[in-house]
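Colleague: Got a minute to walk me through this one? I'd like to start with the sheets and then get to the ligand.

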Amino acid sequence: MKQISIFLPILILAAAACSRPSVSTTGSTPEVEARVSRLLSQMTLAEKIGQMNQISVGGSVSDYAEAVRNGQVGSILNEVDPEKINAFQRLAVEESRLGIPLLVGRDVIHGFHTVFPIPLGLASTFDPALVEKGARIAALEATAQGVRWTFSPMLDIARDPRWGRIAEGSGEDTFLDARMGEAMVRGYQGEVLDTTSMAACIKHFVGYGAAEGGRDYNSTFLTERQLRNVYLPPFEAAVKAGAMTLMTSFNDNDGVPSTGNAFVLDEVLRREWGFDGLVVTDWNSMGEMIVHGFGTDRKDVAEKAVKAGVDMDMMTYGFVSHLEELVRSGAVREADVDRAVRNILRVKVLLGLFEHPYVDVEAAKAVQYAPAHLEAARTAAQESAVLLANDGTLPLREGLRILVTGPLADAPHDQLGTWAFDGEKNHTITPLAALRDRFPGQVTYVPGLRYSREHRDRFDDVTAAARRSDVVLAFLGEEAILSGEAHSLADLNLKGSQSDLLAALHSTGKPVVAVVMAGRPLTVERDLPHCNALLYSFHPGTMGGPALADLLSGDVNPSGKTPVTFLRTVGQAPLYYNHNRTGRPYNRETMLDDIGLEAGQTSLGNTSYYLDYGAYPLFPFGYGLSYTEFTYSDIALDKEIYGPEETLDISLTLRNTGSRDGTEVVQVYVRDLVGSVTRPVRELKHFERVPLKAGESRPLRIRIPVRELAFWGLDGTWKVEPGDFQLWVAGDSASGEPVSFKVN
Ligand code: BGC
């Protein structure tokens, strides 16, 4: 007994150490570690703490010269001028005692100069290879100017379109988000680390997208099971893909702000996943722990953050101001500081910053807006647009007189979307310009509304022009500034008089095509009766105009699918396809008008839905039309019963039954019928884009390892529970017939 009590703690420590994966997630090597150790051993405590400090720089380099020279800054953000970046690096490398280069960060979120569709649009391509290419291009352009760290990808699952930051992520689904996140990490960092590698920063860790009511910065109340099953997997996938850095989030989850949350930062991220990259706070999120009421002052929150596992402070100045004192007083161990500095230096060494701190200013210019970059951005914008409705008006027939109207038809700034800091509107090609080019002499332009929020009572000029045309193209949506950080909305209808404009156009009797360019899925149900076709393009970026002209003309067939559920009305939020099954699943509708006067108290429909809006969304997750049609047949599994280590082998035939070539996004969903906890009604487990010629039919084989069906069950472990399952192969999350199988 005595012996056990002495050895037990040691055994537990040993077990904890063993459970930590020993392979470096960032790809560090013993040589890199040795170099980091050598540097660390030469550093004073103040120099170490300086590395943990990130500052935003604006104005002239000389304003920061002393701090950089004195080793009080490890990283800067928001400088993109290559000459200034070189000047900053010169101060750090040539004038500071140890010559440690700066890590230069920037929010390169969906392209640098060449702006790609917003991330939500990129997600609707369901094309990770293209998304990876876009991230590579962003890295080529940004690193050429000296930016070696981007605060992207944002992996926050967003199930509430009121949240403005839904624009910045991949939508509501864990699986899709994970695939897009990995692709971006690979693209930013490159296959091998070299001077074109830009360290990815996966953010915001964690749960930020679940902000109450979609109000940005709000609290979240996610259980460990929700975190494990829904919110954490994209981060884990991105860590496995080699993401070098991670950012904490602003929100408190169940009362604990992320920047002080040792459970997620230390236990999960470091110990379980073995992450050896750098953890940075979000902008002043350390300081905001005081505002949250989680710490008394900057010193207190600095202590809490470093102990929880934060390595670098973005803009609180908490570490530079108080960490030395905290270490000297014994409140914080120097070992914690060393850990943080190691994580920072490791990234700097891996990026090759010591060897290549400077950039070639002239060469940098040639890389921006390269033709191949613009071409990839155009392809991305083509693939990201989702055709939500079409009565055959699209594609446009040749020779028509076209009226182009609407506030987004010629809005070069707005079509770039949120977080396009380095995008330049004079490089944007708008739909108006592209359509004039594609249909010379056929286009008339009457804006109708100058910007998306504008109010107007009459549209006589537009309707008169519509009457003189054969078809109307109305470009509606949101200005860029209406989505993104701190831009939550409580009403998701088209703003200003846009719906009135559409109704007026419709009243002319001419066919009307609505093209919506927005940062989120707006509630367009009331607009559907007023248009013959609806093409939903999230803000499509620099090449949005040509891409939309390609789609409207039929030169390219739409193939995007919704990465998020489209609501009928905002009151349905949050509504997402992979919800748990309730005890009273929706099955029939007694609607408001069916209720008699003075009806006695009953449970009416007896199921889970709204009396006024039912249970269904306007468009489900994974939905999108094409100019052709696809049919799925012969869907079969190779077996009925699988072991946990086996692989589902699914076969099917996909046919393009129409007369145009097209691409279908084939989706596989699975449902675990009975679990130790209730499971979602469907979960995406596979998707792939399949191009098919008109009339072509192709047999497909899809393999899904059974272990992909694992979840965090009641016993707090991650495993596949034996039992009955169903599987759907379909073109969206609400279609298809289930195929049954078992896992034993
Ligand atoms: C945002 C982050 C961003 C950071 C740096 C914060 O306000 O939440 O996503 O990376 O600013 O610009």
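**Sheets and ligand site**

Modeller: Sure. One open sheet has 3 strands in the order E5-E6-E9, and the pairing is parallel. Strands here are DSSP runs (E, at least two residues), helices are H or I runs of at least four, and both are numbered from the N terminus; two strands pair if DSSP finds at least two bridges between them.

Modeller: Before you ask, this is a predicted model, where local features need pLDDT of at least 70, side-chain atom pairs count only at pLDDT 80 or more, and totals for chains, interfaces and linings use all residues. Residues are numbered from 1 along each chain as its sequence is written, and side-chain values use heavy atoms, with hydrogens and water left out.

Colleague: Which strands of the E5-E6-E9 sheet are at the edges?

Modeller: Strand E5 (201-205) and strand E9 (278-280), each pairing on one side only.

Colleague: And how many bridges join E6 to E9?

Modeller: 3 bridges, with E6 covering residues 245-248 and running parallel to E9. Thr-245, for instance, has Leu-278 in E9 as its bridge partner.

Colleague: Which strands does helix H10 touch?

Modeller: H10 (residues 233-240) packs on that sheet and touches E5 and E6; contact means heavy atoms within 4.5 Å. The direction of H10 makes about 160° with that of E5, using axes fitted to C-alpha atoms (for helices over the stretch in contact) and angles from 0 to 180 degrees between N-to-C directions.

Colleague: OK, the ligand. How many residues surround it?

Modeller: 13, and the closest are Asp-107, Arg-165, Lys-203, His-204 and Asp-282. A residue counts as near if one of its heavy atoms lies within 4 Å.

Colleague: What are the distances from ligand oxygens to the side chains of Arg-165 and Lys-203?

Modeller: An N or O atom in the Arg-165 side chain is 2.7 Å from a ligand oxygen, and for a polar side-chain atom of Lys-203 the distance is 2.8 Å. Glu-485 also has a side-chain N or O atom 2.8 Å from an oxygen of the ligand.

Colleague: How much of the ligand does the protein bury?

Modeller: 93% of the 310 Å² that the ligand exposes when taken alone, with areas from the Shrake-Rupley method and a 1.4 Å probe.

Colleague: Back to sheets. What's the strand order in the one with 5 strands?

Modeller: E4-E3-E2-E1-E10, an open sheet with parallel pairing. Strand E4 (149-150) and strand E10 (313-314) each have a single partner strand, so one side of each lacks a neighbour in the sheet.

Conventions
Polar contact = N/O pair within 3.5 Å; in protein donor to acceptor, adjacent residues only side chain to side chain.
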